[in-house]
Amino acid sequence: MKTFTEKVRAIVAKIPKGKSMTYKEVATKAGNPKAARAVGAIMRSNYNRDIPCHRVVKSDGSLGSYNRGGTLRKRELLKAEGTL
DNA sequence: TAGTTGACCGGAA
DNA sequence: ATTCCGGCCAACT
């Protein structure tokens with residue numbers, strides 16, 4: 001049983017190409033359905049190349065936010081991968 | 001140890 | 001449909 005952060009990182013890293021998960025989904029699979037906020041905070045502090053955080057979106061259907069460009073950058077990344 | 005912050009969610013006005 | 005408010009969790013100071 002690892003920490004919440006490790007679980008979240010592993011789950012996000014397991015997101016297949018062309019697919020997207022919501023922060024809530026990741027939080028739920030990580031063990032805390034209500035930790036969607038924490039997931040975002042973790043991504044913000046732990047965004048690596050092994051962790052496609054841009055594939056993680058909000059439950060409302062919006063993309064959410066992202067580093068270096070925010071939502072706009074995220075949208076471009078998703079479109080470039082085929083997740084869109 | 002306690003307080004503040006934030007890439008969120010859901011319900012209400 | 002949009003805007004406001006409260007709540008939950010982990011990380012940072």
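In the grouping used here, Ala, Val, Leu, Ile, Met, Phe, Trp, Tyr, Cys and Pro count as nonpolar, Asp, Glu, Lys and Arg as charged, and the others, Gly among them, as polar. With that in hand, the pockets of this predicted model can be described.

The second largest pocket holds about 210 Å³ of space. Its lining consists of Y47, N48, R49, I51, P52, C53, H54, Y66, N67, R68, R73 and L77, and these residues divide into six nonpolar, three polar and three charged.

The largest pocket has a volume of about 290 Å³. Around it stand Y23, A36, R37, G40, M43, R44, Y47, C53, G64, S65, Y66 and N67. Helix α3, spanning residues 36–46, contributes five of these residues, the largest share of the lining. By class, six residues of this lining are nonpolar, four polar and two charged.

Attention now turns to the DNA. The residues around DNA strand C are F4, T5, N32, K34, A35, R37 and A38. Of the strand C atoms that come within 4 Å of the protein, 55% belong to sugar and phosphate. Helices α1 (4–13) and α3 each supply at least two residues of the surface near this strand, and the surface as a whole has three nonpolar, two polar and two charged residues.

Individual side chains add detail to this picture. A polar side-chain atom of T5 lies 2.3 Å from a phosphate oxygen of DNA strand C, and for N32 a side-chain N or O atom is 3.3 Å from a phosphate oxygen of the strand. R37, by contrast, has a side-chain N or O atom 2.7 Å from a base oxygen of DNA strand C; R37 is also one of the residues lining the largest pocket.

Key: Residues numbered from 1 in each chain as written. Chains lettered and ligands numbered in written order. Predicted model: local features only at pLDDT ≥ 70, side-chain atom pairs only at ≥ 80, totals over all residues. Heavy atoms only, no water. 1 Å grid on protein atoms, 1.4 Å probe; cavity = no way out; pocket = protein on both sides within 12 Å on 5 of 7 lines; lining within 4 Å. Points joined across faces, edges and corners; volume = space filled by probe spheres on them. Helix = DSSP H or I, 4+ residues; strand = E, 2+ residues; numbered from the N terminus. Near = heavy atom within 4 Å. Polar contact = N/O pair within 3.5 Å; in protein donor to acceptor, adjacent residues only side chain to side chain.
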